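Work through the exercises below with the model open. Try each task before you read its solution.

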Amino acid sequence: MTSITMIASRSARAAAVAALLSLSPSTAFANKNSRPINRVVVVGGTHGNEYTGVWCIKALDHSPPIQYPSLEISTLLGNPEAHRANKRFIHSDLNREFSHEKLTNNDNAEECEQMTPDEEECMLGSEGLPLTVEALRAQEVNAILGPKFGQEHPSTDLVVDLHSTTTNMGTTIIVPESDVAMAHAAAYVLHECGGEMGEVRILMHSIPKREHRPNLSSAARHGFTIEVGPVPQGVLRHDAVEKTQKALNKLFEFLQKSNEDQEGIMAELAKIYPNGRVPCYRSALAKIPGQMSGKIAWPTDDENPNFPKWMVHKSLQDRDFSKIKKGDPLFLDLGGNIITYDGSHGEEVHLIFVNEGGYYYQSSGTGIGVAVASEYDLTTARLPPRKD
């Protein structure tokens, strides 16, 4: 087990990123062209105040698993500066920094205007975007795990990104549509961890092409996210760690079985899902560029863009994956007036990440997540066509 080292010096980071980007993947890491998943990097602390994932990667480093000989497992602390500060991020959400525009914004230019209340300075890159702490870290992570863009294959077969949520989402396995390997893995983990009766669910994002996803795990050939809640920000909960580790170990178990006997594991999945369909929730399409999924946004305070003008209605609190219909209570304003759901995502939808603490930040995308109950094809990892 290895922990991928980070570049500690803020002053040297931009130069180090440029040096990393100048290396070909074959120089930085041995490039694996084979289809089996061997090189796995487990990431914790993509959001610095989500301690569950950080504990889990430290536990892996402390006691490396030896029962998965076909896997080369290493760990990475996603956002070390935010983690040390016990913040979700320093300037911007690291999990939204992996778009083509942002990752190619790598040339140091001139100092930009001060961006934050504490007057930390940043620089502008070649695309005119600020080289914030997270922008630089994304380029650094991409050089380690990817590259995401270009002619070379990513050096990492799979990134497993561990997250926690302040909301009552239970154990949520998040995978992208059309990634067959991850759809198979998610189906296995779902069954082995107890399914919806065990508060385990699959959330599938409808962004089939990896290059269109802005999240950290898209730097690798495959991405698999485990999200467990409710957990307060900056807090460790034993039960949440156990749930995360169980899902992670079942993922490793699936990968090992798949590498040893592909036909055998597929026969096992066929018995579990005889109709070839896997229950899941399909996230709503993002309406804002750079976001992973759609949300019902709330308006924000005139003096503080991270403070909502409306709060989530009490009838929805802690009821993630519950249904809401057009006309049902959704928000409450300062005057005590109820704002109802307007049907903007459909007459009846499921709400997810209800009152998520991380979604109070504009950089992460404010509001409540939206999904619909669905199922995906086990063979193709495709969802049914959307209903207009």
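**Exercise 1. Work out the strand order of the open three-stranded sheet, and find its edges.**

Solution. The order is β12-β14-β15, and the pairing is antiparallel. Two strands, β12 (311-312) and β15 (338-340), pair on one side only, so they are the edges by the pairing rule: DSSP must find at least two bridges between two strands. Next, take the pair β14 (residues 329-332) and β15: three bridges join these strands in the antiparallel sense. One residue to locate is phenylalanine 331, whose bridge partner in β15 is isoleucine 339. In general, strands of a sheet pair through backbone hydrogen bonds, either parallel or antiparallel.

A note on the source: this is a predicted model, where local features need pLDDT of at least 70, side-chain atom pairs count only at pLDDT 80 or more, and totals for chains, interfaces and linings use all residues. Residues are numbered from 1 along each chain as its sequence is written, and side-chain values use heavy atoms, with hydrogens and water left out.

**Exercise 2. Check the length of helix α8, then list its buried residues.**

Solution. Helices are DSSP runs of H or I with at least four residues, strands are runs of E with at least two, and both are numbered from the N terminus. Helix α8 (residues 238-260) has 23 residues. The expected span is 1.5 Å times one less than the number of residues. That gives 33 Å for α8, and its end C-alpha atoms are 33 Å apart, so the two agree. Buried means under 20% relative accessible area (1.4 Å probe, protein chains only). Among the buried residues of α8 are Ala240, Val241, Thr244, Leu248, Phe252 and Leu255. Across the 388 residues of the chain, 51% count as buried.

**Exercise 3. Find the largest cavity and describe its lining.**

Solution. A cavity is a set of points on a 1 Å grid over the protein atoms alone where a 1.4 Å probe fits but cannot get out; lining residues have an atom within 4 Å of a point. The largest cavity has a volume of about 380 Å³, the space filled by probe spheres set on points joined across faces, edges and corners. Of its 32 lining residues, the closest to the centre are Asn95, Ile174, His205, Glu227 and Met292. Strand β9 gives the most to this lining, with five residues.

Key:
Buried < 20%, exposed > 50% of the residue type's maximum accessible area, 1.4 Å probe, protein only. 1 Å grid on protein atoms, 1.4 Å probe; cavity = no way out; pocket = protein on both sides within 12 Å on 5 of 7 lines; lining within 4 Å.
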